[in-house]
Amino acid sequence: MDDRFIGRVAVITGGAGGIGEATVRGLHAEGASVVIADIQDAPGQSLAAELGDRAVFLRTDVSQESDVAAAVDAAVTRFGQLDIMFNNAGVMGTLGPIETTSIDDADLTIAINLRSVISGMKHAARVMKPRRSGIILSTSSPAGMLGGVGPHVYSATKAAVIGISNSVAAELRPFNIRVNTVVPGAVVSPMTASLVADGPDHLEQALQTMSGTSLMGRPLLPADVAAAALYLASDAAAFVTGVTLPVDAGMTGAIGQSPFATGKYEQSVTVFEAGRRT
Ligand SMILES: NC(=O)c1ccc[n+]([C@@H]2O[C@H](COP(=O)([O-])OP(=O)(O)OC[C@H]3O[C@@H](n4cnc5c(N)ncnc54)[C@H](O)[C@@H]3O)[C@@H](O)[C@H]2O)c1
């Protein structure tokens with residue numbers, strides 16, 4: 001076991017399932033104490049019980065600032081400090097054409113996906129600034145960077161997560177607090193299982209379905225995203241702030257299918273002016 005996080009304390013919102021759970025497990029395995037902040041009581045409590053020492057579950061509705069503040073305070077009262085705040089909880093929220101979008105549902109989606117991140121950054125900064133130390137991570141999505149890959153309001157919230165992360169990164173840099181964003185591609189998790197399988201508990205079915213559409217030969221798993229979050233949270237990323245890190249098999253940065261990977265070009269050529277080849 002690596003020991004990168006011995007003595008560190010983390011709050012992970014959405015920590016009872018999917019990417020959040022994988023990050024809870026990863027941080028805890030490497031020595032951190034973790035506050036699992038989630039709206040789902042049963043899986044949150046059972047994960048905390050399984051991990052034992054250095055793990056507590058706190059029922060947290062991230063759309064409520066007071067709940068997020070309480071999760072941060074729980075880290076300080078139970079474990080003495082807060083080193084890592086992972087604003088990860090999120091929902092797909094309202095789906096469908098823009099002209100039939102319910103504005104009330106849009107407000108709720110914004111509250112869960114964006115207000116939550118603002119609250120998380122605010123209360124993390126409250127306890128991190130005096131210590132002049134900390135890491136704030138948040139989860140965005142390719143939908144926040146590209147059109148047509150997610151629901152409208154979800155996409156808007158995920159773009160805003162990148163915006164506020166970069167803005168807050170600039171404010172908190174002098175306090176030795178790093179602020180970064182992870183951008184998972186399509187991950188096999190309860191969220192995607194609710195879309196591609198028979199429901200959030202049908203992870204095996206989701207895994208099979210997503211194996212067929214994977215960009216990299218195997219489906220992206222929560223642990224792959226957690227590994228990137230752990231890197232950003234670690235001392236190895238000491239000068240990494242204001243960064244948006246896609247963990248998406250190039251879904252955002254390498255969007256095309258390369259003709260050089262298809263066998264169309266059997267050997268390299270060089271093309272100069274007027275299409276003249278060597
Ligand atoms: N799964 C993907 O393909 C994917 C891709 C890009 C981004 N993301 C983002 O990653 C994050 C985690 O997604 P996931 O795939 O692990 O989803 P998930 O549904 O498996 O897990 C999300 C967790 O957040 C919790 N949660 C939901 N509403 C909450 C609230 N109001 N308060 C507190 N907790 C709440 C859920 O109970 C759940 O445990 C989300 O922000 C999501 O938008 C996911």
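These exercises with worked solutions cover helices, strands, the ligand shell and single residues of a predicted model.

Residues are numbered from 1 along each chain as its sequence is written. Because the model is predicted, local features need pLDDT of at least 70 and side-chain atom pairs count only at pLDDT 80 or more, while totals for chains, interfaces and linings use all residues.

**Exercise 1. Compare the reach of α4 with its expected span, then locate its kink.**

Step 1. Helices (H or I, at least four residues) and strands (E, at least two) are DSSP runs, numbered from the N terminus. Helix α4 covers residues 103-128, 26 residues in total.

Step 2. The expected span is 1.5 Å times one less than the number of residues. For α4 this gives 38 Å. The helix reaches 35 Å from its first C-alpha to its last, close to that value.

Step 3. Bend at a residue is the angle between axes fitted to the seven residues ending there and the seven starting there. In α4 a kink of about 40° is centred on A111.

**Exercise 2. Describe the shell around the ligand.**

Step 1. A residue is near a molecule if its C-beta atom, placed from the backbone, lies within 6 Å of it. The ligand is surrounded by 28 residues. The closest are G14, G17, G18, G90 and S189.

Step 2. Now sort by class. Ala, Val, Leu, Ile, Met, Phe, Trp, Tyr, Cys and Pro count as nonpolar, Asp, Glu, Lys and Arg as charged, and the others, Gly among them, as polar. The shell has 14 polar, 12 nonpolar and two charged residues.

Step 3. Look for helices that contribute. At least two shell residues come from each of α1 (18-29) and α6 (190-196).

**Exercise 3. Establish how far β2 is enclosed, and name a bridge partner in it.**

Step 1. A residue is buried if 20 or more other C-beta atoms lie within 10 Å of its own, exposed if 12 or fewer, and partly exposed in between; C-beta atoms are placed from the backbone. Strand β2 (residues 33-38) has six of six residues buried, so the rest of the structure largely encloses it.

Step 2. Split the strand by face. S33, V35 and A37 lie on one side, V34, I36 and D38 on the other, and all are buried.

Step 3. Two strands pair if DSSP finds at least two bridges between them. Five bridges join β1 (residues 9-13) to β2, and the two run parallel. S33 of β2 is the bridge partner of V9.

**Exercise 4. Place α8 in its surroundings, using A228 as an example.**

Step 1. Helix α8 spans residues 222-233. Nine of its 12 residues are buried, including P222, V225 and L230.

Step 2. The cover over these buried residues includes α1, β4 (84-87), β5, β6 and β7 (244-247).

Step 3. A228 sits in α8. A228 is buried because 20 other C-beta atoms lie within 10 Å. Contact requires C-beta atoms, placed from the backbone, within 7 Å. Beyond neighbours within four places in sequence, A228 contacts V182, L245 and V247.

**Exercise 5. Find the setting of two non-glycine residues with positive phi.**

Step 1. R132 has phi near 50°. R132 lies in the loop between α4 and β5 (134-139). With 11 other C-beta atoms within 10 Å, R132 is exposed.

Step 2. N176 has phi of about 60°. N176 belongs to the loop between α5 (152-172) and β6 (177-184). With 15 other C-beta atoms within 10 Å, N176 is partly exposed.

Notes. Contact = placed C-beta atoms within 7 Å.
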